Amino acid sequence: QVQLVESGGGLVQAGGSLRLSCAASGSIFRISAMGWYRQAPGKQRELVATVTRGGDTNYADSVKGRFTISRFTISRDNAKNTVYLQMISLKPDDTAVYYCNARRDPNNYWGQGTQVTVSS
């Protein structure tokens, strides 16, 4: 089993920043990737960003920059078994419960979620 504990959510004004953290414990060996997903009211849970143990990242189109700096940056500290999501230039559409995910094949593990609310 893998336990995931998220922190760092909260209320922020549009244009503001937040950093989410997710600490993994338990059977953390062989975790191949960790990431963040989010679920807004009335919507399905969607990918935000993932990072592999080797550092390869993947972002949803809604958060990565095409011609500008990406609004969200995922990073991973393997020594601390922690994954971070740095969010800048937050928009009201980013309001959701953000869930940490760890993939340890063949299982997926989820945190309890942390609320991010962006006011306009």
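**View 1. In the loop between which two strands does S89 lie?** S89 is found in the loop between strand 8 and strand 9, where a strand is a DSSP run of type E with at least two residues, and strands are numbered from the N terminus. The backbone at S89 has a positive phi of about 50°, although S89 is not a glycine. With a relative accessibility of 36%, S89 counts as partly exposed; in this scheme, buried means under 20% relative accessible area, exposed means over 50%, and partly exposed lies in between, with a 1.4 Å probe and protein chains only. The model shown is predicted, so local features need a pLDDT of at least 70 and side-chain atom pairs count only at pLDDT 80 or more, whereas totals for chains, interfaces and linings use all residues. Residues are numbered from 1 along each chain as its sequence is written, and side-chain values use heavy atoms, with hydrogens and water left out.

**View 2. R30 is another residue with a positive phi that is not a glycine.** The phi of R30 is about 70°, and the residue sits in the loop that lies between strand 3 and strand 4. R30 has a relative accessible area of 55% and is therefore classed as exposed.

**View 3. Four strands make up an open sheet with antiparallel pairing.** The order of the strands across this sheet is 1-3-8-7, and two strands are taken to pair if DSSP finds at least two bridges between them. At the edges are strand 1, which covers residues 2–7, and strand 7, which covers residues 72–77, and each of these edge strands pairs on one side only. As general background for this view, strands of a sheet pair through backbone hydrogen bonds, and they do so in either a parallel or an antiparallel way.

**View 4. Strand 1 and strand 3 run antiparallel and are joined by six bridges.** Strand 3 covers residues 18–26, and two of its residues can be picked out by their partners in this close-up. Q3 has S25 of strand 3 as its bridge partner, while the bridge partner of L4 in strand 3 is A24.

**View 5. Strand 3 is also joined to strand 8, again by six bridges.** Strand 8 covers residues 82–87, and strands 3 and 8 run antiparallel. A reader who wishes to follow the pairing residue by residue can begin at R19, which stands opposite Q86 in strand 8.

**View 6. Y37 and W110 form an aromatic pair.** A search of the whole structure finds one aromatic pair, where the rings of Phe, Tyr and Trp (its six-membered ring) pair if their centres lie within 6.5 Å. The ring centres of Y37 and W110 are 5.1 Å apart and their planes stand at 70° to one another, which makes the pair edge-to-face; planes over 60 degrees apart count as edge-to-face, those under 30 degrees as stacked, and the rest as tilted. Because Y37 belongs to strand 4 (residues 33–39) and W110 to strand 10 (residues 107–110), the pair ties together parts that are 73 residues apart in sequence. Y37 is partly exposed, since its relative accessibility is 21%, and W110 is likewise partly exposed, with a relative accessibility of 37%.

**View 7. G111 lies in the loop between strand 10 and strand 11.** Strand 11 covers residues 114–119, and G111, at 10% relative accessibility, counts as buried. Although G111 and L4 are 107 residues apart along the chain, their C-alpha atoms are separated by 4.7 Å.

**View 8. A60 lies in the loop between strand 6 and strand 7.** Strand 6 covers residues 57–59, and A60 in the loop that follows it is buried, with a relative accessible area of 14%. The C-alpha atoms of A60 and L18, which are 42 residues apart along the chain, are separated by 18 Å.

**View 9. D105 and P106 are joined by a cis peptide bond.** The omega angle of this bond is about 5°. P106 is placed in the loop between strand 9, which covers residues 96–104, and strand 10.
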